Structures are given as structure tokens and as C-alpha cells.
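Me: I would like a close look at a single part of this model, explained step by step for someone in a first year of study.

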Amino acid sequence: MIGFSKVAGLGVAAVAARGVYRALRSRDDAGWRRTNYAGRTVDLYAGPAVAVGAALGALAAGGTGRGRGAAVLAGLAAAACGAYDDRNGDHRRGFRAHLGALRHGEVTSGTVKLVGVGAAGLAAGALLKERPADKVLAGVVVAGTAHLVNLVDVRPGRAAVAVLALGAPGLLGRGPLAAAPMGAAAAVVADDLGERTMLGDAGAHALGAVLGTAIAAASGRAGLLVHAAGLVAAAAYGDTVSRLASSPV
């Protein structure tokens, strides 16, 4: 059942994300424009817009104070790390590329992002759970979901649609936090699909981190183990996940 708190979370996230997106588009800053896979010029404004929307939506969605705090912390921290990579990134993708560079003494923006998002996930996990093992598992779920959403952000709308699909079971089941990333994603998905904007690392990581927090908050030890194992496998085969996500629908 979708209760009032979930509807509130959806609505606040959508309205906030849309409002921030429109405000940023009015600035028309060339530093926030990129060329997408098809050679079209798009903006990156959807990223900060969904980060703000998801954070405000989480605050409005109800649930425990620690859960809301974890969602806001994870979402905004992941967005900041993603934005750093968006602005300073060298376009290398995947753990192997960044760890390979690190072995040669080069700290890439992707490495900064991986470390930052991982730390944010662990901090969120520490807020969500009481037992040490559960804290770590929850942190893996939060950071892993952020990474998974970023992996599928290889074509217009793929990441936003993935968030809507992955969040739906949580929205219909226990816990209201899944409403926040879903509302934020819904606010920009049409512009993303229309190749007017893109989420970038900031938006994909923010949506994924808040969604991961919702999943972790609603899961017991067994659920955390299953989700963590699946997310670690997805990270290990990240190139395959991205290739499948980029295939024609």
C-alpha cells in the first residue's frame, strides 16, 4: 500500500528536482554542457537537480530519523563525489581502469569518487544498523547501488528508468524511502530520454545512493547479504553490465 508519507516523498522529490532543474537551465553555463554518445550537446543540470530532490524527498518520506539522515548523507555525499568526476573526470570507467592508474601512482577523479562514495555508504550503513556486520553490509548495499545506477547510465534515460524499476518493490512494500529517488528520477526522465540533459555521475550516484539506503533500511541480515552479493558481482562485471545497458531496447 502506498501511504501518505510515500506520496509526500514522491511529490516533494519531484517538485524539488524539477524546480532546481529549471532554475539551473536558466543559467546556461557552458561548463555544464557535454557531448553525449550520439554527438548531441546536452546539459548536466539533471544531476544536481535529482540530488537535491532525492534528499528533500527523503526528509518528507517519513520513516526513522536515522534512516532519513542516512539517505540525505549518502545522497548528497555521492552527488558531490560524482560532480567532482563530472567536472574533472578523464572518462575512464570501471574499477580496473582507476585501480590500474592508482598502481602507477595516478590518483584519478574516478578513484576519488570510488573512495568517497564508499565512505559515504559505510557512514550511512553505520546510521542504519546496530550490529557491526550489518553496518558493513548496509554500507556495501548503499555504495554498490550507487555504483550500479552509474554503470547503467550509458544511454539516455537508462539510469532513471532503472531507479524507477528497482524502487517500485520498495515503494509498494516496507519503508517509504524508495519514494524519494523515484520522484526525483521521474521529474527529469522525459528530458533525459529527449537528450536535453543527462544525469552524469552526480545524478546517477545520488539516486543510487538514496535507493540503496532505502533497500538497506528495509532489509534484515539475509536481505543485506543477498543484495550485497549481487551488487559486488555487478561491480566485478561492470563492463558487461554497461554493455548490456547500452544495447538497443
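Which helix gives the largest share of the nonpolar patch? Please start there, and then go on to the salt bridges and the helix contact.

Reply: The model is predicted, and every value below is computed from it. The largest share of the nonpolar patch comes from helix α2, residues 46-60, with 3 residues. The patch lies on the surface and is formed by V12, V52, L56 and L59. Together these side chains have about 290 Å² of accessible area. V52 is found in helix α2. V52 counts as partly exposed because its relative accessibility is 32%, and the range for that label runs from 20% to 50%.

Next come the charged side chains. Side chains of opposite charge can pair when their charged atoms come close. In this model the count comes to 8 salt bridges.

A good place to look is D191, which is found in helix α8. The side chain of D191 meets that of R18 in a salt bridge, with 2.6 Å from N to O. This pair links distant parts of the chain: D191 belongs to helix α8 (residues 179-193) and R18 to helix α1 (residues 4-25), and the two are 173 residues apart. D191 has a relative accessible area of 6%, so D191 is buried. R18 is at 23% relative accessibility, so R18 counts as partly exposed.

D191 also meets R196 in a salt bridge, at 2.9 Å from N to O. R196 is partly exposed, because its relative accessible area is 39%. Taken together, R18, D191 and R196 are linked in a network of salt bridges. Leaving aside residues up to four places away in sequence, D191 touches R18, Y21, R25, R196 and T197.

Another of the salt bridges joins R40 and E195, whose closest N and O atoms are 2.9 Å apart. Here too the pair links distant parts of the chain: R40 sits in the loop between β1 (33-35) and β2 (41-43), E195 in the loop between α8 and α9 (200-217), and 155 residues separate them. R40 is partly exposed, as its relative accessible area is 43%. E195 is at 17% relative accessibility and therefore counts as buried, since the cut-off for buried is under 20%. The backbone of E195 has a further feature: its phi is near 60°, a positive value in a residue other than glycine.

The loop that holds E195 runs between α8 and α9, and helix α9 takes part in the last contact to look at. Two packed helices are described by the angle between their axes and the distance between the axes. For α6 (residues 132-151) and α9, the axes come within 7 Å and cross at roughly 145°. The crossing of α6 and α9 is right-handed. On the α6 side, the contact is made by A138, V141, V142, T145, A146, H147, V149 and N150. On the α9 side, the residues that make it include G200, D201, A204, H205, G208 and A209. Further along α9, L211, G212, T213, I215 and A216 also belong to the contact.

To go back over the three topics: helix α2 gives the largest share of the nonpolar patch, R18, D191 and R196 are linked in a salt-bridge network, and α6 and α9 cross in a right-handed way.

Technical notes: Residues numbered from 1 in each chain as written. Predicted model: local features only at pLDDT ≥ 70, side-chain atom pairs only at ≥ 80, totals over all residues. Heavy atoms only, no water. Salt bridge = Lys/Arg side-chain N within 4 Å of Asp/Glu carboxyl O. Helix = DSSP H or I, 4+ residues; strand = E, 2+ residues; numbered from the N terminus. Buried < 20%, exposed > 50% of the residue type's maximum accessible area, 1.4 Å probe, protein only. Patch = residues over 30% accessible without salt bridge, like charges linked within 9 Å, V, L, I, M, F, W, Y side chains within 5 Å. Areas by Shrake-Rupley, 256 points an atom, 1.4 Å probe, with all protein chains shown as cover. Axes fitted to C-alpha atoms, helices over the stretch in contact; angles between N-to-C directions. Left-handed = near helix turned anticlockwise from the far one by under 90°. Contact = heavy atoms within 4.5 Å.
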